[in-house]
Every structure is written in C-alpha cells, then in structure tokens.
Amino acid sequence: MKTFISNSREETEAFAEQYAKTLTAGDVVLLDGDMGAGKTVFAKGVAKGLGIDEEVTSPNYAYMNDYDGRLFHYDCYRIESVGQAESLGLADYFDMGGVCLVEWAQNIAPLLPKTVKRVQIVKIDENQREIRY
C-alpha cells in the first residue's frame, strides 16, 4: 500500500484527479475514512480526472449519485441492511461499466464484487490527510 500526505483540500482533490487516471471502467474503489476525512473531496478529484464537469456532492440521502454513467458515487452510511441495498438496486451499478466509489462499504459488504481497490483517508489535523492507496 502506498501513502500520500495531503496538506489541503486542493492537494487531496489534485491527488485524486491523478489517481483517477489509473482507473478503468468497471473499477470499484472503496473509500474508507471517518466523517469529515475528505472522502467527498476525493470523489470530486476523481470526477475531474474522469472528465466529469458536474458538481460532485455527497450522496448521503440519495445513497448513490450517477454522473453520466461514468462515475457512480455511493454513500452507504445510512444503509441498514443488505436487503435494503439490494432493494435499492445498488449492486446493479457494479456491472454498468463506470467507476464506482463506495463510502461506508462495510454496510453492503456481501454485495461488493470480489475484486476492489481501496483508498483510506486518515485525518491528521484540520488540513492534513494521509491517503493510503
């Protein structure tokens, strides 16, 4: 696992933009990190790296935001059961050819594909983050 130290939101976003260039259609990336660690900031950078101009927002009440079928950004924090995730059709998007970024993936663990990538974001202080990938 590699590590990158980010000193600002801008650096996290720029790093994620470059990270996106290593992804291919169909990749599923689990974004691990506490509340406020910068997972949505990372998602914004990935979207930029994939050439998506739309404003990326946290999908915490929608569960998943679809950006042109190229990026599916999940927030599974409020998912209470695998059955709920299945009834929402969340697993269907893993096979649609876009990049999937999944926050709080442990809440849908049985539905995840066998092969995933992981990015862990650890909050060091107000601005600094350690990104493990």
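Leaving aside its neighbours within four places in sequence, which residues is N60 in contact with? They are D75 and R78, and one of the views below comes back to them.

A word on the model first. This is a predicted model, in which local features need pLDDT of at least 70 and side-chain atom pairs count only at pLDDT 80 or more, while totals for chains, interfaces and linings use all residues. Residues are numbered from 1 along each chain as its sequence is written, and side-chain values use heavy atoms, with hydrogens and water left out.

**View 1. The whole protein, with 3 helices and 7 strands.** Helices (H or I, at least four residues) and strands (E, at least two) are DSSP runs, numbered from the N terminus. Going along the sequence, you meet them in the pattern β-α-β-α-β-β-α-β-β-β. The C-alpha trace spans about 40 × 30 × 25 Å along its principal axes. For 133 residues a compact globule would have a radius of gyration near 14 Å, and the protein agrees, with 14 Å. That radius is taken over C-alpha atoms, and the globule rule is 2.2 Å times the number of residues to the power 0.38.

**View 2. The surface and the inside of the protein, with about 6900 Å² exposed.** Carbon and sulfur atoms supply 46% of that area, and accessible areas come from the Shrake-Rupley method with a 1.4 Å probe; for residues, only the protein chains shown count as cover. Buried residues make up 45% of the 133. Here buried means under 20% relative accessible area, exposed means over 50%, and partly exposed is in between (1.4 Å probe, protein chains only). Take the contacts between residues at least 6 apart in sequence: 63% of them join residues at least 24 apart. Contact means heavy atoms within 4.5 Å.

**View 3. Helix α2, largely enclosed by the rest of the structure.** Why is α2 described that way? Because 9 of its 11 residues are buried. Among them are K39, V41, F42 and A43, and G45, V46, A47 and G49 are on the list too. The cover over these buried residues includes α1, β2, β4 (71–75), β5 (99–103), β6 (117–123) and β7 (129–132). After α2 comes G51, with a positive phi near 80°.

**View 4. T40, a residue of helix α2.** T40 counts as buried because its relative accessibility is 18%. Leaving aside neighbours within four places in sequence, T40 is in contact with T57, S58, H73 and E103.

**View 5. D27, in the loop between α1 (9–20) and β2 (28–32).** Is D27 buried or exposed? With a relative accessible area of 15%, D27 is buried. Its side chain reaches the backbone nitrogen of T24 at 2.9 Å. Setting aside neighbours within four places in sequence, D27 is in contact with T22, G98, V99, C100 and K117.

**View 6. N60, in the loop between α2 (39–49) and β3 (64–67).** N60 is partly exposed, with a relative accessible area of 31%. Here are the partners from the opening question: D75 and R78 are in contact with N60, once neighbours within four places in sequence are left aside. Have a look at Y74 as well: N60 and Y74 are 14 residues apart in sequence and 8.0 Å apart in space, C-alpha to C-alpha.

**View 7. M35, in the loop between β2 and α2.** M35 is exposed, with a relative accessible area of 54%. Apart from neighbours within four places in sequence, M35 is in contact with Y77 and W104. As for A85, 50 residues from M35 along the chain, the two C-alpha atoms are separated by 21 Å.

**View 8. D68 and W104, two loop residues with positive phi.** Most residues other than glycine have a negative phi. D68 is not a glycine, yet its phi is positive, about 55°. D68 is found in the loop between β3 and β4 and counts as exposed at 53% relative accessibility. W104, also a residue other than glycine, has a phi near 60°. W104 lies in the loop between β5 and β6, and is buried, with a relative accessible area of 16%.

Methods:
Polar contact = N/O pair within 3.5 Å; in protein donor to acceptor, adjacent residues only side chain to side chain.
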